[in-house]
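Below are some comments on the model you sent round, set out as numbered points. They begin at one margin of the sheet and end with the aromatic rings.

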Amino acid sequence: MKVLLATQKPFAAKAVEGIVSILQEAGHEVVKLEKYEAQADFVNAVKDVEAIIIRSDKVTEEVMAAAPKLKIVVRAGAGFDNVDLAAATARGVVVMNTPGQNSNAVAELALALMIFMARTQFTPATGSEVQGKRLGVQAYGNVGRLVGQKAKAMGMEICALDPFLTDQQIIDGGAQPVHSVEELYAASDYLSIHIPALPSTIGSINYDLITRMPKGATIINTARKEVIDEEGLMKALEDRPDLKYAADVMPDNYAALQEKFGTRVFATPKKMGAQTAEANVNAGLAAARQIVDFFATGNCKFQVNK
Ligand code: 3PG
C-alpha cells in the first residue's frame, strides 16, 4: 500500500526514519510531504494513497475527495478535531489516533508554563512558588493525570474534574474529585486545561468561569485554543488584574492581549506541547504500526469514527 506521511510540522528525523522502516519492512511504500506551505499541496499529494499519517494536518472533505483509494488516516497524537470524521465515515475511511503516546511531552510543557508564569516569565520581578498551591485539572485523561501526578511531586494539591471517570478512579490517579466546572475553577490557583475541542466545549471557558478563580490564579491551556471564549478571557483579565493566562495554542487575539497585559499572558509561537524527540518517536512509530496492523489483520482498536 502507499502511505503518505503528511506533516506540516515535521517529526524529528529519528521518528521519520522509524516510521519509514516499519512501513517498508511490512511491504508498504512511503511518500513524505513535510513542511508544506499550502493546504492545496496536501490535497495534491493524496491522489493515489491508501493511508495517511498526520499530526495537526487538516484532513478535510476536500482532502478525502482527492484520495479515492484512501482506507485509513492515523493522527499521530491525541486530538482529532483536525479530521472531518463525518466525511471519513461517509467514505468508509477509518480514522485512528495514538492515545497516550505524546502525553508526557504535553504534561511537561504544562508544568513548564506553570512555573514560567509563577516566576513572572523569568523577569526580575518577584515571583511565587507552586508548592502548596492548588492545581485544578480539567479532564483527567492521559495528559491531565500526568500533570496532576507530576505537580503533586512538587508539593501541589491536586483536584480534578472528569465526567468520564468515577471519583475512585480520580482518587486512584492522585487527585481529589470535584463535580462541576464552576467548583473546579473556584478551587484552583492553577488550572490546567486538557479537554478536547468539541461542539460542547468550544468557547466554554468563559468570563463567568475564569472570574470564579481565586486571587492570583493562572490558567494554563495546552489543549486547544477553541475551548477559550477569547472575548471573555480579555474581559476577565481586564476586570481581574491578578489573573494570568498561558497557552501552547496561541489565541487569535494574542497581540491585543500582550499589548494590554504584558507578562500576565504568554503563548508559544507554534504549538509545541508534543514537539519532543521522544513524543515524535512514540506517536510516529505507533501510527506506523497501527497502519501495518490494520492492513495485515484489520485491527481497528484505536478507531475514533466508529
Ligand atoms: C495532540 O493532540 O496530540 C497534540 O495537540 C499534539 O499535536 P501536534 O502533533 O500537532 O504537535
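1. In strand β8, Q176 is the bridge partner of C159. The model is a predicted one, and in it β7 and β8 run parallel and are joined by 2 bridges. Between these two strands the chain passes through helix α7 (residues 167–172), and the resulting β-α-β crossover from β7 to β8 is right-handed.

2. Strand β7 also deserves attention for its surroundings: of the 5 residues in this strand (residues 157–161), 4 are buried, so β7 is largely enclosed by the rest of the structure. Toward β6 it runs parallel, with 5 bridges joining the two strands, and within this pairing Q138 has L161 of β7 as its bridge partner. The connection from β6 to β7 is made through helix α6 (residues 142–153), again as a β-α-β crossover that is right-handed.

3. On the pairing of β6 with β9, strand β6 (residues 134–138) and strand β9 (residues 190–193) are parallel and share 4 bridges. Here the bridge partner of L135 is Y190, which belongs to β9.

4. These pairings can be placed in the sheet as a whole, which is open, has 7 strands with parallel pairing, and follows the order β8-β7-β6-β9-β10-β11-β12. Its edge strands are β8 (176–177) and β12, each of which pairs on one side only.

5. Which residues have the most contacts inside the largest nonpolar core? They are L135, Y185 and I193, in a core that has 59 residues. Helix α5 supplies the largest share of this core, namely 10 residues. L135 therefore appears in this note twice, once as the bridge partner of Y190 in β9 and once among the core residues with the most contacts.

6. The surroundings of Y185 can be listed in some detail: leaving aside residues up to four places away in sequence, Y185 touches Q138, L191, I193, I205, L209, I210, R212, M213, P214 and I219. One of these, Q138, is the residue that has L161 of β7 as its bridge partner. There is also a second core, separate from the one discussed above, with 24 residues that include L23, A76, V94 and I291.

7. The count of aromatic pairs comes to 4. One of them joins F116 and F122, whose rings are edge-to-face, at 4.9 Å centre to centre and with 80° between the planes. The two partners are set in contrasting surroundings, since F116 counts as buried because its relative accessibility is 15%, whereas F122 counts as exposed because its relative accessibility is 60%.

8. F116 pairs with F266 as well: the ring centres are 4.9 Å apart and the planes stand at 75°, so this pair is edge-to-face. It links distant parts of the chain, with F116 in helix α5 (residues 103–118) and F266 in strand β12 (residues 265–267), 150 residues apart. Both F116 and F266 are buried, and ring pairs link F116, F122 and F266 into a cluster.

9. A last side-chain detail concerns K235 and Y207, where the charged end of K235 sits over the ring of Y207, at 4.7 Å from the centre of that ring.

Conventions
Residues numbered from 1 in each chain as written. Predicted model: local features only at pLDDT ≥ 70, side-chain atom pairs only at ≥ 80, totals over all residues. Heavy atoms only, no water. Phe/Tyr/Trp six-rings, centres within 6.5 Å; stacked < 30°, edge-to-face > 60°. Buried < 20%, exposed > 50% of the residue type's maximum accessible area, 1.4 Å probe, protein only. Lys NZ or Arg CZ within 6 Å of the ring centre and 35° of its normal. Core = buried A, V, L, I, M, F, W, Y, C linked by side-chain atoms within 4.5 Å. Contact = heavy atoms within 4.5 Å. Pairing = 2+ DSSP bridges. Right-handed = clockwise from strand over helix to strand, strands pointing away.
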